[in-house]
Amino acid sequence: MVSVRDLRAKAGEEPITMLTAYDAPTAELVDDAGVDVVLVGDSVGNAMLGYETTVPVSFDAIAHHTSAVARGVEDAMVVADMPFLSFGSDEATSVENAGTLLKETGCEAVKLECGPHTVDLTRRLVELGIPVMAHLGLTPQHVNQYGGFPRQGTDAESAERILDLAREHEDAGAFSLVLEHVPSNLAARVTETIDIPTIGIGAGPDCDGQVLVFHDAVGLSEWSPSFAKRFGDVRGEMESAVSSYVEAVESGSFPADEHSHEEAELDDLY
Ligand code: KIV
């Protein structure tokens with residue numbers, strides 16, 4: 001089982017790999033490929049549940065998908081993403097929700113989309129024994145405030161804010177930091193400034209690790225962001241398999257003899 005300590009030891013020595021998964025068979029496949037961390041991202045909302053954003057994703061949905069992923073994983077660390085408003089409005093509810101994920105789903109850590117409001121919460125969760133992965137840069141739960149999904153940290157002032165928040169979350173005890181959609185020179189600067197591992201998505205090559213949404217990485221998404229790379233064409237394969245099935249049923253070639261069985265004693269039934 002990959003632990004918080006293993007990840008810290010890997011940082012700067014070997015790249016850390018992280019992918020999302022939302023169900024047991026995918027999690028098993030990702031784990032078997034040797035990925036270090038499986039993230040049950042609130043990207044489940046876009047990738048699996050048909051939402052335009054992650055805002056509608058519920059706490060129960062994350063708990064449900066995290067339990068499935070944990071059942072599929074043997075070696076990787078499983079991290080559950082805390083969905084919009086399941087944390088941050090008050091400390092007691094945030095602690096209770098993070099604790100429920102750890103106690104009831106089989107994950108080993110939670111991820112928080114961070115800002116100034118999550119520094120004290122990170123400290124409290126860590127004090128209580130709940131490992132926290134921080135997330136800075138583009139935090140998609142703020143989509144309505146951003147008015148879209150723009151790059152972050154593109155001027156000196158906002159880059160400085162991200163750097164300060166990275167330090168503050170490290171001091172508060174976060175064990176790693178996701179940096180999303182920020183300039184690669186800012187990500188490099190954050191990575192050399194803090195000691196905890198940085199994991200980038202759209203943040204260039206100098207982070208300690210990389211993360212992608214599974215559907216983008218395997219080529220299953222209809223649309224993917226410019227910073228994602230498709231390493232396969234699973235969507236094309238699925239389309240072709242489903243069309244072949246429809247054709248086979250419509251033409252009568254499926255089911256064939258080898259997919260059917262007869263019982264001789266039933267021949268005289270009528
Ligand atoms: O929800 C998610 O999948 C994420 C990753 C893209 C980091 O937050």
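Two residues are said to be in contact when heavy atoms of theirs lie within 4.5 Å, and the views below apply this to a predicted model.

**View 1. Helix H8 packs against helix H9.**
In this predicted model, Ala 159, Ile 162, Leu 163, Ala 166 and Arg 167 of H8 meet Leu 186, Arg 189, Val 190 and Thr 193 of H9. Sorted by character, the residues of this contact are six nonpolar, one polar and two charged. The two helices, H8 with residues 156-172 and H9 with residues 184-193, pack at an angle of about 25 degrees, and their axes are 10 Å apart. Because angles under 35 degrees count as roughly parallel, H8 is described as roughly parallel to H9. The crossing of H8 and H9 is right-handed.

**View 2. The buried residues of helix H9 and their surroundings.**
Leu 186, Ala 187, Ala 188, Val 190 and Thr 191 are the buried residues of H9, and they pack against H8, strand E6 (176-180) and strand E7 (198-201). In the loop between E6 and H9 lies His 181, a residue other than glycine whose phi is nevertheless positive, near 50 degrees. His 181 has a relative accessible area of 13% and is therefore buried, since buried means under 20%.

**View 3. Helix H2 packs against helix H4.**
Helix H2 (residues 24-32) and H4 pack at an angle of about 45 degrees, with 7 Å between their axes, which makes H2 oblique to H4. H2 passes H4 in a right-handed crossing. On the H2 side the contact involves Ala 24, Ala 27, Glu 28 and Asp 31, while on the H4 side it involves Ala 68, Val 69 and Gly 72. These residues divide into four nonpolar, one polar and two charged.

**View 4. Helix H5 and the loop that lies between strand E3 and H5.**
The 15 residues of helix H5 (residues 91-105) should span 21 Å at 1.5 Å a residue, and the end C-alpha atoms of H5 are indeed 21 Å apart, so the two values agree. The buried residues of H5 are Ser 94, Val 95, Asn 97, Ala 98, Gly 99, Leu 101 and Thr 105, and they pack against helix H4 (59-72), strand E3 (77-81), strand E4 (109-113) and helix H6 (119-127). In the loop between E3 and H5 is Leu 85, which has a positive phi of about 65 degrees although it is not a glycine. Leu 85 is exposed, with a relative accessible area of 58%.

**View 5. The cis peptide bond between Phe 254 and Pro 255.**
The peptide bond that runs from Phe 254 to Pro 255 is cis, and its omega is near 0 degrees. Pro 255 belongs to the segment after helix H11 (234-251).

Key:
Residues are numbered from 1 along each chain as its sequence is written. This is a predicted model: local features need pLDDT of at least 70, side-chain atom pairs count only at pLDDT 80 or more; totals for chains, interfaces and linings use all residues. Side-chain values use heavy atoms; hydrogens and water are left out. Axes are lines fitted to C-alpha atoms, for helices over the stretch in contact, and angles run from 0 to 180 degrees between N-to-C directions. Helices (H or I, at least four residues) and strands (E, at least two) are DSSP runs, numbered from the N terminus. Angles under 35 degrees count as roughly parallel, over 145 as roughly antiparallel, 65 to 115 as roughly perpendicular and the rest as oblique. A crossing is left-handed if the near helix is turned anticlockwise from the far one by less than a right angle, and right-handed if clockwise. Ala, Val, Leu, Ile, Met, Phe, Trp, Tyr, Cys and Pro count as nonpolar, Asp, Glu, Lys and Arg as charged, and the others, Gly among them, as polar. Buried means under 20% relative accessible area, exposed over 50%, partly exposed in between (1.4 Å probe, protein chains only). The expected span of a helix is 1.5 Å times one less than its number of residues.
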